[in-house]
Amino acid sequence: MEIWINPRCSKCRSALSILDAESAQYTVRRYLDDPPTEDELREVLGRLGLEPWDITRTGEQVAKELGMDTWPRDEAARERWIAALAEHPILIQRPIITADDGSAVVGRTESAVRSVLP
């Protein structure tokens with residue numbers, strides 16, 4: 001299991017606490033320091049069953065600077081969104097947990113985090 005975190009994020013710290021309390025085995029990826037590639041983002045999106053705009057933090061300043069609120073949310077614009085997430089990882093919703101069974105969740109709630117535990 002891998003968890004993408006920003007250590008300053010309270011939701012990330014909460015997710016780590018839950019995983020630790022359950023003695024889960026995981027690796028931490030500080031995705032701001034080690035940003036995912038476009039291919040990694042495509043894989044994670046497939047595992048999540050989501051589109052890139054579903055995991056984009058549109059309230060971030062860089063999203064506003066890019067004008068992302070006006071970007072289309074359709075198949076034709078998908079790669080543009082993925083490229084923006086790869087270039088500006090601060091835009092990626094957190095934490096994202098990828099489980100060994102191939103599933104993944106955006107672990108913003110306790111129930112979401114627990115859903116990937118064996």
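Start with the sheet: select strands E1 to E4 and you'll find an open sheet of four strands in the order E2-E1-E3-E4, with mixed pairing. Strands, like helices, are DSSP runs numbered from the N terminus (at least two residues of E for a strand, at least four of H or I for a helix), and two strands pair if DSSP finds at least two bridges between them. Look at the edges, where strand E2 (27-30) and strand E4 (104-106) each have a single partner strand, so one side of each is left without a neighbour in the sheet. From one strand to the next, the twist averages 20°.

A quick note before moving on: this is a predicted model, where local features need pLDDT of at least 70 and side-chain atom pairs count only at pLDDT 80 or more, while totals for chains, interfaces and linings use all residues. Residues are numbered from 1 along each chain as its sequence is written, and side-chain values use heavy atoms, with hydrogens and water left out.

**Next stop: E1 and its helix**

Select residues 2-5, which make up strand E1; this strand pairs with E2 in the parallel sense over four bridges. Within that pairing, pick Ile5 and look across to Arg30 in E2, which stands opposite. Now add residues 10-21: this is helix H1, which packs on the sheet and touches E1 and E2. Contact here means heavy atoms within 4.5 Å. The direction of H1 makes about 155° with that of E1; axes are lines fitted to C-alpha atoms, for helices over the stretch in contact, and angles run from 0 to 180 degrees between N-to-C directions.

**Next stop: three tryptophans**

Show the side chains of Trp53, Trp71 and Trp81, which form one aromatic cluster. Rings of Phe, Tyr and Trp (its six-membered ring) pair if their centres lie within 6.5 Å; planes under 30 degrees apart count as stacked, over 60 as edge-to-face and the rest as tilted. By that rule there are two aromatic pairs. In the pair of Trp53 and Trp81, the ring centres are 5.9 Å apart and the planes stand at 70°, so it is edge-to-face. This pair links distant parts of the chain, 28 residues apart: Trp53 is in the loop between helix H2 (38-48) and helix H3 (61-66), and Trp81 is in helix H4 (residues 78-87).

Trp71 and Trp81 make an edge-to-face pair too, with 5.3 Å centre to centre and 80° between the planes. Trp71 lies in the loop between H3 and H4, 10 residues from Trp81.

Are these rings buried or exposed? Both Trp53 and Trp81 are buried, meaning under 20% relative accessible area (exposed is over 50%, partly exposed in between, with a 1.4 Å probe and protein chains only). Trp81 has 0% relative accessibility, and Trp71, at 9%, counts as buried.

Add Arg80: its charged end sits over the ring of Trp71, 3.9 Å from the centre. For that, NZ of Lys or CZ of Arg must be within 6 Å of the ring centre and within 35 degrees of the ring normal.

**Last stop: two buried polar residues**

Select Thr56, in the loop between H2 and H3, which counts as buried at 8% relative accessibility. Its side chain reaches the backbone oxygen of Pro52 at 2.7 Å. Not counting residues up to four places away in sequence, Thr56 touches Met68, Trp81, Leu85 and Leu91.

Finish at Gln93, in the loop between H4 and strand E3 (96-98). Gln93 is buried, with a relative accessible area of 17%.

How values were computed
A polar contact is a pair of N or O atoms within 3.5 Å; within protein, one must be able to donate a hydrogen and the other to accept it, and residues adjacent in sequence count only if both atoms are side-chain atoms.
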